[in-house]
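Subject: Structure handover and what was found in it

Dear colleague,

I am passing on the structure below, together with an account of what was found in it. Please keep it open while you read, since the notes follow the chain from one element to another and finish at the ligand.

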Amino acid sequence: MAEKVCPVWIGYILASPVRKLYQNPKKILGPYVKEGMKILDIGCAMGFFSLPLAEMVGCNGRVICVDIQEKMIRSLEKRAQKAGLSDRIETRLCKNNSLGLDDFKGEIDFALASAVVHEVSDASGFFSEIQKTIKPTGKFLVVEPKGRVSKKDFETTVSIAEQNGFEVIDSPQIRRSRIVLLGKKTLKGNI
Ligand SMILES: C[S@@+](CC[C@H](N)C(=O)[O-])C[C@H]1O[C@@H](n2cnc3c(N)ncnc32)[C@H](O)[C@@H]1O
């Protein structure tokens, strides 16, 4: 595991409802998520975004939550159960060098990686793997914390995404964050 991976105790802080005061998941994700969608929450930790996503996709949707740390996944499962959302949430423990998402080729409507990319040791492999899971019309929102990721490092991240089959659709604003909304490179030609 990479040394810079978020410790589990921070996972509890990240899942705190107080965070909603400056990062409201439904407000942030509302423009992209619809009922019935199949969603990826990559680096989900304890589910700050996963649980609202599960509410937003409704009973016909699905949220696939992937993380490299078992304790994060187990805590998310408990929270999902408590919230009555387990039937819409699928959890996956992944490896450092693979998200293990080969079975979702071209199926994902929307993917989220919030505060994850700066922890990933092979960003190129990471983007390439996610790109293959996204539908031709699907979108991928990458959010990084301003306090940890410089403007220059974020530009490098966006450039790695572009080298791996994504294009920039938008640069939304979220407090304390650097953000890019990505689509598959073919998207422009399709609309
Ligand atoms: C800072 S936390 C962010 C959690 C959550 N997305 C949020 O915004 O609250 C980063 C999470 O990404 C996970 N992570 C780090 N490297 C990863 C990788 N290569 N693949 C999947 N998850 C990873 C960590 O275990 C941790 O749970």
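Y12 belongs to helix α1, which spans residues 8-14; please bear in mind throughout that the model is a predicted one. Once neighbours within four places in sequence are set aside, the contacts of Y12 are with M46 and R79. In the case of M46, the C-alpha atoms of the two residues lie 7.1 Å apart in space, although 34 residues separate Y12 from M46 in sequence.

R79 leads on to the helices that accompany the sheet. The sheet itself is open and has seven strands, in the order β3-β2-β1-β4-β5-β7-β6, and its pairing is mixed. At its edges are β3 (89-93) and β6 (166-170), each of which pairs on one side only, and from one strand to the next the twist averages 25 degrees. Helix α3, made up of residues 50-57, packs on this sheet and touches β1 (38-42), β2 (62-67), β3 and β4 (108-114), with a direction that makes about 165 degrees with that of β2. Helix α4, covering residues 70-82, lies across β2 and β3, and it runs at about 165 degrees to β3.

At the β6 edge, the strand is joined by four bridges to β7 (residues 177-184), and the two run antiparallel. One of the residues involved is E167, whose bridge partner in β7 is G183. Together β6 and β7 form a hairpin with six residues between them, and in the turn R176 has a positive phi of about 65 degrees.

The ligand may be the part that matters for your own work. It is surrounded by 21 residues, of which R19, G43, D67, Q69 and S114 are the closest. In three of these residues a side chain places a polar atom opposite a ligand oxygen: for R19 the distance is 2.6 Å, for Q69 it is 2.8 Å, and for S114 an N or O atom of the side chain is 2.7 Å from an oxygen atom of the ligand. The ligand on its own has 600 Å² of accessible area, and the protein covers 97% of it. As for the character of the surrounding shell, its residues divide into 14 nonpolar, four polar and three charged.

With best wishes

Technical notes:
Residues are numbered from 1 along each chain as its sequence is written. This is a predicted model: local features need pLDDT of at least 70, side-chain atom pairs count only at pLDDT 80 or more; totals for chains, interfaces and linings use all residues. Side-chain values use heavy atoms; hydrogens and water are left out. A residue is near a molecule or strand if one of its heavy atoms lies within 4 Å of it. A polar contact is a pair of N or O atoms within 3.5 Å; within protein, one must be able to donate a hydrogen and the other to accept it, and residues adjacent in sequence count only if both atoms are side-chain atoms. Accessible areas come from the Shrake-Rupley method with a 1.4 Å probe; for residues, only the protein chains shown count as cover. Ala, Val, Leu, Ile, Met, Phe, Trp, Tyr, Cys and Pro count as nonpolar, Asp, Glu, Lys and Arg as charged, and the others, Gly among them, as polar. Two strands pair if DSSP finds at least two bridges between them. Axes are lines fitted to C-alpha atoms, for helices over the stretch in contact, and angles run from 0 to 180 degrees between N-to-C directions. Contact means heavy atoms within 4.5 Å.
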